[in-house]
Amino acid sequence: MAQSYGNTGTLTEPGMDPGTDTTTTKRYEEARAAARRAMTTATQVPDQPAARIPADVERPAYTGFKFGAALFGWLITVSMAVLLTAVIAGASYGAGYVLDYTRADAKQQAGTVAVTAAAVLVLTLTLAFYIGGYVAGRLARFDGARQGFGVWMITLLLLAVAAGVGAYWNNQYDLVGRVDRPDVPLSNDMLLTGGLFTVAALVFVPLLAALLGGKTGQRYHDKIDDMLD
């Protein structure tokens, strides 16, 4: 049905002859004007986002040690340790080949080589545990330090199991006695002291790295919570 948008004075109600009922025409015009004003002044209310639960309310449900996060962090730790060890071994072999550094030279500088090897080993494991702790803290969202401690604890437990199995097989087949150990020109006291320091560093330094990595991984979620609050 065609509608006229010209002069509003000529508008009439549909189905009526113009000029037959002035009162009805006037009311029809007022109704159209009121409808037009209502349409132009109406405001659309945007959809309100759902209320977000604050982080301090969610924390009791997600806090605590998460074995899954710690397990995946441990897997990353092992992967990074293997990768870094391979890179360092390749670089050492290449440097020794270029510098023509032989085994005889290493025996003459046994103390320096032992200290360097221990420092590189501690540094490698520290970096690996930091990355593993970061992954665990990132996955768990809360309590990143606990997740990093979990990564370290899983490693310690597996090492204890491996040591027990190794001791059993050594008692059965004397595996240690079959190993061709190099004759290192170092005294037993020096070897014992260096070994104790190395073991202590291998135990506590990676632990601190895992705790720090877990806290760093948690900071990602803390920043998001601060932005959304």
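A residue counts as buried under 20% relative accessible area, as exposed over 50%, and as partly exposed in between. Leu191 has a relative accessible area of 44%, so Leu191 is partly exposed. The model described here is predicted. Leu191 lies in helix α8. Its C-alpha atom is 9.3 Å from that of Ala114, although 77 residues separate Leu191 and Ala114 along the chain.

The overall fold was examined next. The chain has 8 helices and 0 strands. Read along the sequence, the pattern is α-α-α-α-α-α-α-α. The chain has 229 residues, and 21% of them count as buried. Its accessible surface comes to about 16400 Å². Carbon and sulfur atoms account for 66% of that surface. Contacts with a separation of 6 or more were also sorted by distance along the sequence. Of these, 81% join residues 24 or more positions apart.

The interior came next. The largest nonpolar core is made up of 10 residues. These are Ala70, Trp74, Phe129, Ala136, Val151, Trp152, Ile154, Leu207, Ala209 and Ala210. Four helices give two or more residues each to this core: α3 (67-99), α5 (110-140), α6 and α8 (188-228). Ala209 is one of the core residues. Leaving aside neighbours within four places in sequence, Ala209 is in contact with Thr126, Phe129 and Tyr130. Phe129 is itself a member of the core.

Phe129 also meets Thr77. Thr77 lies in helix α3. At 4% relative accessibility, Thr77 falls under the 20% limit and therefore counts as buried. Thr77 and Phe129 are 52 residues apart in sequence, yet their C-alpha atoms are 5.4 Å apart in space. Beyond its neighbours within four places in sequence, Thr77 is in contact with Ala128, Phe129, Gly132 and Val151. Two of these contacts, Phe129 and Val151, belong to the largest nonpolar core.

Aromatic rings were then searched for pairs. The structure holds 2 aromatic pairs. One joins Phe149 and Trp152, with ring centres 5.8 Å apart and planes at 35 degrees. An angle under 30 degrees would count as stacked, and one over 60 as edge-to-face. The angle of 35 degrees is neither, so the pair is tilted. Phe149 and Trp152 are 3 residues apart in helix α6 (residues 144-173), and are therefore separated by about one helical turn. The two partners differ in burial. Phe149 is partly exposed, with a relative accessible area of 36%. Trp152 is buried, at 12%. The other pair is formed by Tyr168 and Trp169. Their ring centres are 6.0 Å apart, and their planes meet at 75 degrees. This pair is edge-to-face, because its angle is over 60 degrees. Trp169 has 40% relative accessibility and counts as partly exposed.

The loop between α5 and α6 holds two residues with positive phi. Arg141 is found in this loop. Its phi is near 75 degrees, a positive value in a residue other than glycine. At 18% relative accessibility, Arg141 is under the 20% limit and so counts as buried. Asp143 lies in the loop between α5 and α6 as well. Asp143 is not a glycine either, and its phi is positive, at about 55 degrees.

Asp143 also takes part in a salt bridge. A search of the whole structure finds 1 salt bridge. Arg146 forms a salt bridge with Asp143, and the closest N and O atoms are 4.0 Å apart. Arg146 has a relative accessible area of 48%, which makes this residue partly exposed.

The surface was the last region considered. Phe65, Phe67, Leu71, Phe72, Leu75 and Leu139 form a nonpolar patch there. Together these residues have about 590 Å² of accessible area. Helix α3 gives the most to the patch, with 4 residues. Leu71 has its place in helix α3. Its relative accessibility is 31%, so Leu71 counts as partly exposed. Helix α3 thus serves two sets of residues: α3 gives two or more to the largest nonpolar core, and 4 to the nonpolar patch on the surface.

Key
Residues numbered from 1 in each chain as written. Predicted model: local features only at pLDDT ≥ 70, side-chain atom pairs only at ≥ 80, totals over all residues. Heavy atoms only, no water. Phe/Tyr/Trp six-rings, centres within 6.5 Å; stacked < 30°, edge-to-face > 60°. Buried < 20%, exposed > 50% of the residue type's maximum accessible area, 1.4 Å probe, protein only. Core = buried A, V, L, I, M, F, W, Y, C linked by side-chain atoms within 4.5 Å. Contact = heavy atoms within 4.5 Å. Salt bridge = Lys/Arg side-chain N within 4 Å of Asp/Glu carboxyl O. Patch = residues over 30% accessible without salt bridge, like charges linked within 9 Å, V, L, I, M, F, W, Y side chains within 5 Å. Areas by Shrake-Rupley, 256 points an atom, 1.4 Å probe, with all protein chains shown as cover.
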